Amino acid sequence: MWKKIKSVVKIFGILSLVVVLLLLLVSLPYINDRGQQSICIENCYQIIYSNTRESFVEIIDQKDTNTTWRCVNPDYIGDNARTSVALLKVHKAGSTTIASILYRFGIRRRLSFIMQKDDTIRFWPKTIDKAYKGFYPACRDNKYDILNIHSRYNGRDILTKYMREDTYVIAPLRHPMDQMISAVYYHGYINLLEKINKTFEDFLDNPNILNKDTGVVLLTWNLMSYDIGLDDFDIPNGVSKSYLKSQPKYIKEIDRFLNWTEENIDFFLIREKFDESLILLKDRLGWRIEDLVYFSLNTAAEPPKRNRRDTNRLRIKTEEFSYIDYLLYERMKLKLDRMIEEKGAELEVEVSKLRSLNKEFSEYCLEKVEVDSTLYGAVKILGNKVKNEHKDNKCCIETAISEIPYSEDIKKFMANDCNYY
């Protein structure tokens, strides 16, 4: 009898201990002090790079329910998450920031990147098949998971010769007027105009005045469409909207191009609704909000100023010579607006969470955002300076660095058989 009682007491004691331990584990994640969130960030990255935990810990700030932090194992990927993504980089539309997100997602999960073995960090204006000189070997199955360097797109059939069949193809777009102005200043066309005693107004009246300078038309008119495959269609670039609309064969070909983009590109992000686009993309990829954290990259320090009158004139002129970009942008923006409306209030909550994460990351990691003379561009480009106390924090550095450094990181990563060096 006593033996049975002792056994029951022993079992009860073990069960009580288990319950206490479970209660402790449940209570640990919740931290009321907002200052502890920064500690979570650092712990998060220690976990990410040391692989010391199998699961993630969620820490919710009770004072601000819009802010949610997760410290995650890098190998954790949701059951339905896509890991093969091709970014079609579009000039001056937020591509570098998106490429940085893909860089961090892929490198932490040992995914294979398309990257040339030589000094090349971009293929543009060549397509992948034309640029191929020898990629670093894929780390598994002889197929690549991530494309995030600049190349021109020529369709899913060509892409999947190198990448997986289920690769999700994405591309950013921006209002054609803003995109064109950004390209003109970024690539130094204003300086070229000054050398021939012409103004930006002259350029708008007659864009062909810079034709002798290689690539100028390609880097202004219908540039977004050119980046994603326009050159493979029988449509002349650098000609006016009125001319294109007067030619039935071109109207038909433009319609074919727009339909082709919808068939060959899975998702378009819109620069003017960047965070909303990222959240909707997250849903389609099966990723987490934490995977989307970003600092803006490749941004001009002093964006061109213009008054309302100039804006109206610019809109008319850019639509005249970038008519196809306008059609593409308006069509894809309408699709995105419908997605935003369908997701409703839930989207607003998630956008708020992403912005809170970005703000806290920035406050934790960055000393300041300042002009970086090492960055390419005819205008001054902003760079992210990491705080000295976090100079060895890989996550802060990886989120802050610009295109050339992260491209070099990818080369080292691929050369080391997809192992983080």
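The following exchange concerns the basis for several structural labels in a predicted model.

Colleague: What conventions apply to this model?

Modeller: The model is predicted, with local features requiring pLDDT of at least 70 and side-chain atom pairs counting only at pLDDT 80 or more, whereas totals for chains, interfaces and linings use all residues. Residues are numbered from 1 along each chain as its sequence is written, and side-chain values use heavy atoms, with hydrogens and water left out.

Colleague: Why is R109 called buried or exposed?

Modeller: Buried means under 20% relative accessible area, exposed means over 50%, and partly exposed lies in between (1.4 Å probe, protein chains only). R109 has 9% relative accessibility and therefore counts as buried. D291, at 11%, counts as buried as well.

Colleague: What makes R109 and D291 a salt bridge?

Modeller: The term requires a side-chain nitrogen of Lys or Arg within 4 Å of a carboxyl oxygen of Asp or Glu. The closest N and O atoms of R109 and D291 are 3.1 Å apart, and the pair forms a salt bridge. The pair links distant parts of the chain, 182 residues apart: R109 is in the loop between α3 (95-108) and α4 (128-131), and D291 is in the loop between α12 (274-285) and α13 (308-321). Helices here are DSSP runs of H or I with at least four residues, and strands are runs of E with at least two, numbered from the N terminus. By the salt-bridge rule the count comes to 21.

Colleague: How do you know that D141 and R140 form a salt bridge?

Modeller: Their closest N and O atoms are 3.9 Å apart, and the pair forms a salt bridge. D141 has a relative accessible area of 56% and is therefore exposed, whereas R140, at 36%, is partly exposed.

Colleague: Why is the pair of E262 and R331 said to tie together parts of the chain?

Modeller: The closest N and O atoms of this salt bridge are 2.6 Å apart. E262 lies in helix α11 (residues 248-264) and R331 in helix α14, so the pair joins parts 69 residues apart in sequence. E262, with a relative accessible area of 29%, is partly exposed, and so is R331, at 24%. Elsewhere, K282, D283, K343, E346 and E350 are linked in a network of salt bridges.

Colleague: What makes a set of residues a nonpolar core?

Modeller: Its members are buried Ala, Val, Leu, Ile, Met, Phe, Trp, Tyr and Cys residues joined through side-chain atoms within 4.5 Å. The largest such core has 90 residues, of which I114, I170, I228, F257, F267 and W287 touch the most other members. Helix α14 (residues 323-343) provides the largest share, eight residues. A second, separate core of 15 residues includes Y189, I190, L210 and F321.

Colleague: How do you know that the span of α17 is close to expectation?

Modeller: The expected span is 1.5 Å times one less than the number of residues. Helix α17 (residues 403-415) has 13 residues and reaches 18 Å from its first C-alpha to its last, close to the 18 Å expected. Its buried residues include Y406, I410 and F413, and what covers the buried residues of α17 includes α3.

Colleague: Why is H175 called buried or exposed, and which residues does H175 touch?

Modeller: At 12% relative accessibility, H175 counts as buried. H175 is found in the loop between β5 (168-173) and α6 (176-186). With contact defined as heavy atoms within 4.5 Å, H175 touches E272, R315, Y326 and Y329, not counting residues up to four places away in sequence.
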